[in-house]
Amino acid sequence: MADERILYDYYLIYEKTGAAKYISHLDFVRTYNRAMRRAGLPVAFSEGFNPHPLLGFALPLSVGYTSECELLELRLTGAPAEAEIRDRLNAVMPGGIKILSVHRGKSRMKKLRYALYYVTPEHMPGSVDAFLQMEHTVIDKKTKSGIKDADIRPDIKEIRLTDGRMEMLLSAGSDKNLKPDVVVRAMNKYIPGYDSGDCEYHRAAIYDENMEVIN
Amino acid sequence: MSTVNIDKILKRVQKPTRYSGGELNSVVKDPGGVSIRYAFVFPDTYEVGMSHLGMKILYHCLNQRPDTYCERVFAPWVDMEEELRRENIPLFSIETRTPVNEFDFVGVTLQYEMSYTNVLNILDLAGIPLLSRDRGEDAPFVNAGGPCAYNPEPLAEIFDFFTMGEGEEVIGELMDAYNEWKAEGGKRIDYLKKIAKIEGIYVPCLYDVEYNADGTLKSMVPNCPEAKPRVRKRIIENLDEIVYPDKFIVPFMDIVHDRASLEVFRGCIRGCRFCQAGMIYRPVREKSPGRLTSDAEKLLASTGYEEISLSSLSTSDYTRFEELADKLLALTEKEKVGLSLPSLRVDNFGLSLMERVQKVRKSGLTFAPEAGSQRMRDVINKNVSEEDLMRSVGLAFDGGWQTVKLYFMIGLPYETDEDVAGIARLAEKVVELYYASDKTNKRRAPSVNISVAGFVPKPFTPFQWAGQNDMETLSRKQKLLKAEIRNRHIKYSYHQSDISVLEGIFARGDRKLNRVLVRAFELGCKLDGWSECFDMDRWRRAFADCGIEPDFYTRERSYDELFPWDFVDIGVTKDFMMRENERAKAAVTTPHCRLQCSACGAADLCAGGRCSVYKEESSLNKIKELKENG
């Protein structure tokens with residue numbers, strides 16, 4: 001049945017830092033739904049048997065990761081100003097979740113191909129040149145059908161070592177997706193003598209196939 | 001003052017939001033700006049503890065005081081405990097990650113016996129001596145309340161003091177007394193003697209206990225003038241005048257009851273003879289629909305919850321139910337939130353109400369006939385007939401439900417095998433009802449889930465004298481019932497019988513059990529309420545190591561025996577409970593409080609000795625009516 005209501009599309013960019021990094025994706029969806037209710041925004045609900053707010057996330061964030069580029073699409077039954085949505089949500093969000101900007105219309109989230117991560121390990125590797133020169137980088141990886149050995153090399157676009165952190169540009173999206181903790185495990189496996197220790201993971205930006213930032 | 005750093009270990013545990021804090025509406029204060037720091041402990045995991053209403057209420061009460069900062073503490077799950085012990089990190093509060101032993105008070109809520117080893121594990125993880133007598137002058141005051149505190153004796157050597165009854169008022173008196181005591185510069189024992197004078201407070205070290213040769217209690221007498229020979233429970237007489245949280249902490253993780261709950265009333269008019277809650281929370285006291293609706297509005301606005309639940313022992317006994325339902329449904333329909341009504345009785349459950357609730361969201365339906373035969377239901381004073389159950393389930397089936405859950409108990413006093421088999425017969429009749437109705441969808445099959453628990457005799461009930469079935473008897477009855485169920489639409493599940501027996505031992509236990517508890521903890525018992533952690537063999541060893549015979553605690557008792565919990569005055573008298581036990585033997589029912597007062601004694605707790613039931617509008621009308629009709 002076609003949805004005949006007049007609905008308004010928005011998308012917003014938010015950051016997830018501090019204690020909020022421990023919230024899993026599913027729990028985060030619930031947190032958002034409740035924030036929308038508290039903010040009193042005219043949320044559009046699905047018309048099924050158990051109505052739920054119409055929300056769409058670009059790319060789930062792993063537990064323990066922080067981010068400054070999370071993208072969320074939502075639909076409202078009214079058309080408040082962008083700044084009003086931002087301010088009302090920020091007033092009722094738990095610590096660590098902050099709306100950075102709100103935009104009208106549809107986002108380009110479907111174009112998502114790459115994500116940039118900042119990885120801060122306890123110990124930096126001396127060099128990643130040899131690691132990047134490997135033709136195949138096989139590591140066990142969680143997939144939809146269980147844990148399997150996979151070659152992650154094609155999904156590593158770039159790794160740059162800067163002062164105390166590794167910047168990783170990796171495949172992202174529903175088609176191919178590589179998470180930086182898997183890369184770190186591969187580095188621990190293949191770089192002789194390397195032990196990263198505990199790492200901090202931060203998502204810094206998402207891009208389309210032409211390396212245009214999606215925001 | 002210090003804080004612990006757990007960032008590293010949070011990455012390694014399964015569910016970090018059990019420990020990470022920072023949830024919406026959690027209270028943030030400057031610990032340096034208060035004179036009292038209170039660690040409120042729920043001795044089970046976060047998702048269980050965060051579902052508990054009492055904790056929310058007392059957290060709110062304490063944090064309303066500018067001089068006090070109350071923080072939450074939960075039992076860590078196995079993986080977190082391993083990390084804490086390996087990294088040598090003490091157990092900490094959720095809000096500020098302060099080690100628990102740095103608090104002034106450690107207050108534990110005792111909701112069920114199977115959490116007792118968690119209390120010891122929490123104290124151990126916090127570096128607090130397990131026994132009250134081993135704690136130094138700087139240690140926190142470790143105290144407890146909640147339903148299990150009504151028989152405090154199995155934990156008497158562990159806690160410094162207990163609070164009997166409802167906490168909203170007395171917890172403030174305890175904090176005031178603490179400030180006074182601090183100003184006076186007294187010793188630890190001085191504080192305990194000071195609060196022993198407050199109504200509802202029990203300080204175990206101020207009482208001497210003697211036993212008879214057969215192990216039963218001979219005497220329990222105060223050893224100082226401050227301690228009262230009888231400790232009377234506290235109640236709040238007018239619930240409309242008492243504080244209720246306008247905000248609930250909204251957890252990130254999915255907890256057991258993740259919703260806004262409204263406390264509709266306290267107490268129960270029913271008097272089921274197995275039910276401890278029905279006795280210890282007497283007399284019944286209702287909140288007004290107006291107050292409840294305003295509580296609901298505030299909670300929805302501050303939490304964004306998508307569900308409101310009504311909380312009480314028997315929601316449909318609320319005298320102004322229609323009025324409340326009207327007000328709440330107007331609110332829930334506007335806000336697009338669900339309304340859930342647990343604890344409905346099968347005898348006064350209306351179709352119109354169900355249809356209206358269904359309009360918003362359909363939740364599962366559970367009924368509790370408790371026993372399979374009418375004779376047995378009369379013994380336990382459930383006052384529910386088979387017709388009542390069939391009428392309610394029939395309404396549910398006709399209303400579009402296919403699944404109903406039925407709760408039962410086995411091992412009840414005066415029970416025969418026919419009574420047990422009666423559970424299967426009743427469930428079969430429920431299935432037949434589905435097929436007999438012309439309103440049900442026959443292309444879909446009904447599902448009747450029966451859940452059967454082993455009866456545990458509890459203190460302060462008419463069955464406190466009863467013998468408890470041993471594991472063999474319970475297992476035999478479980479098997480007997482299983483063999484009786486031949487209908488494929490009936491799904492049968494039952495509780496572990498060894499857990500029921502252990503629960504019964506501690507429920508009616510005495511001071512001698514403190515040793516067993518400590519020994520069980522030393523042997524590794526913890527999280528006993530979780531089947532993956534429970535280990536009966538360790539418990540057997542703990543009893544054997546202490547030379548204590550478990551059967552002593554499950555035996556039938558005589559009317560002249562002095563019970564370890566007799567010094568607690570819950571209002572309801574021992575004499576009333578004896579009368580009720582005699583009626584049970586004869587399978588004679590007792591009418592509920594609104595039909596006829598049975599002089600249970602709870603009226604004594606109210607001003608002027610007039611029970612709250614007499615102050616209810618409907619009761620006043622009835623009295624007026626009776627007078628007018630001569």
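Two strands pair if DSSP finds at least two bridges between them. Keep that in mind on this tour, which walks through a predicted model.

**Stop 1: the middle of a sheet in chain B**

Select E1 and E3 of chain B. These two strands pair in the parallel sense, over four bridges. For a close-up, show Phe40(B), which stands opposite Gly107(B) in E3(B). Now add strand E4 (residues 141-145) of chain B: E3(B) pairs with E4(B) in the parallel sense too, over five bridges. Here, pick Phe105(B), whose bridge partner in E4(B) is Phe141(B).

Zoom out to take in the whole sheet. It is an open one, with six strands in the order E2-E1-E3-E4-E5-E6 of chain B and mixed pairing. At its edges you'll find E2(B) and strand E6 (201-202) of chain B, each pairing on one side only.

How many residues of E3(B) are buried? Five of the five are, so this strand is largely enclosed by the rest of the structure. Colour its two faces separately: Phe105(B), Gly107(B) and Thr109(B) lie on one side, Val106(B) and Val108(B) on the other, and all are buried.

**Stop 2: a helix with a lot of company**

Next, select helix H3 (residues 53-64) of chain B. A quick ruler check works well here: at 1.5 Å a residue, its twelve residues should span 16 Å, and the end C-alpha atoms are 17 Å apart, which agrees.

Show side chains for the buried residues of H3(B): Met55(B), Lys56(B), Leu58(B), Tyr59(B), His60(B), Cys61(B), Leu62(B) and Asn63(B). Lys56(B) is worth a click, as a lysine among the buried residues. What do the buried residues of H3(B) pack against? Light up strand E1 (36-42), helix H2 (46-49), strand E2 (68-74), strand E3 (105-109) and helix H6 (170-184) of chain B, and you have the list. That brings you back to strands from the first stop, since E1, E2 and E3 belong to the six-stranded sheet of chain B.

**Stop 3: the domains of chain B**

Time to colour by domain. The assignment for chain B gives domain 1 (7-232), domain 2 (259-363 + 570-630) and domain 3 (364-495). Put a distance between domains 1 and 2 of chain B: their centres, taken over C-alpha atoms, are separated by 30 Å. The contact takes four residues from domain 1 of chain B and eight residues from domain 2 of chain B. On the domain 1 side, those residues divide into three nonpolar, one polar and no charged.

**Stop 4: a four-stranded sheet**

Still in chain B, select E15, E16, E17 and E18. They form an open sheet in the order E15-E16-E17-E18, with parallel pairing. Strand E15 (365-370) and strand E18 (490-494) of chain B stand at the edges with a single partner strand each, so one side of each is left without a neighbour in the sheet. Neighbouring strands of this sheet are turned by 20° against each other on average, direction ignored.

Look along E15(B) and strand E16 (residues 403-410) of chain B, which run parallel and are joined by four bridges. Phe367(B) stands opposite Leu406(B) in E16(B). Then bring in helix H13 (residues 386-398) of chain B, which packs on the sheet and touches E15(B) and E16(B); its direction makes about 170° with that of E15(B). Finish with helix H14 (residues 417-436) of chain B, which lies across E15, E16, strand E17 (447-454) and E18 of chain B, at about 160° to E17(B).

**Stop 5: over to chain A**

Chain A is assigned domain 1 (8-107) and domain 2 (111-207). Their centres, over C-alpha atoms, are 28 Å apart. Eleven residues from domain 1 of chain A and eleven residues from domain 2 of chain A make the contact. On the domain 1 side, the split is six nonpolar, four polar and one charged.

Now click Cys199(A), found in strand E10 (residues 199-207) of chain A. Is Cys199(A) buried or partly exposed? Partly exposed, because it has 17 C-beta neighbours inside 10 Å. Leaving aside neighbours within four places in sequence, Cys199(A) is in contact with Val119(A), Thr120(A), Pro121(A) and Val184(A).

**Last stop: where the chains meet**

Show both chains together. Here 20 residues of chain A are in contact with 20 residues of chain B. The chain A side of this contact divides into nine nonpolar, six polar and five charged residues.

Technical notes: Residues numbered from 1 in each chain as written. Chains lettered and ligands numbered in written order. Predicted model: local features only at pLDDT ≥ 70, side-chain atom pairs only at ≥ 80, totals over all residues. Contact = placed C-beta atoms within 7 Å. Nonpolar A, V, L, I, M, F, W, Y, C, P; charged D, E, K, R; others polar. Domains from an automatic or database assignment. Expected span 1.5 Å × (residues − 1). Buried ≥ 20, exposed ≤ 12 C-beta atoms within 10 Å, placed from the backbone. Axes fitted to C-alpha atoms, helices over the stretch in contact; angles between N-to-C directions.
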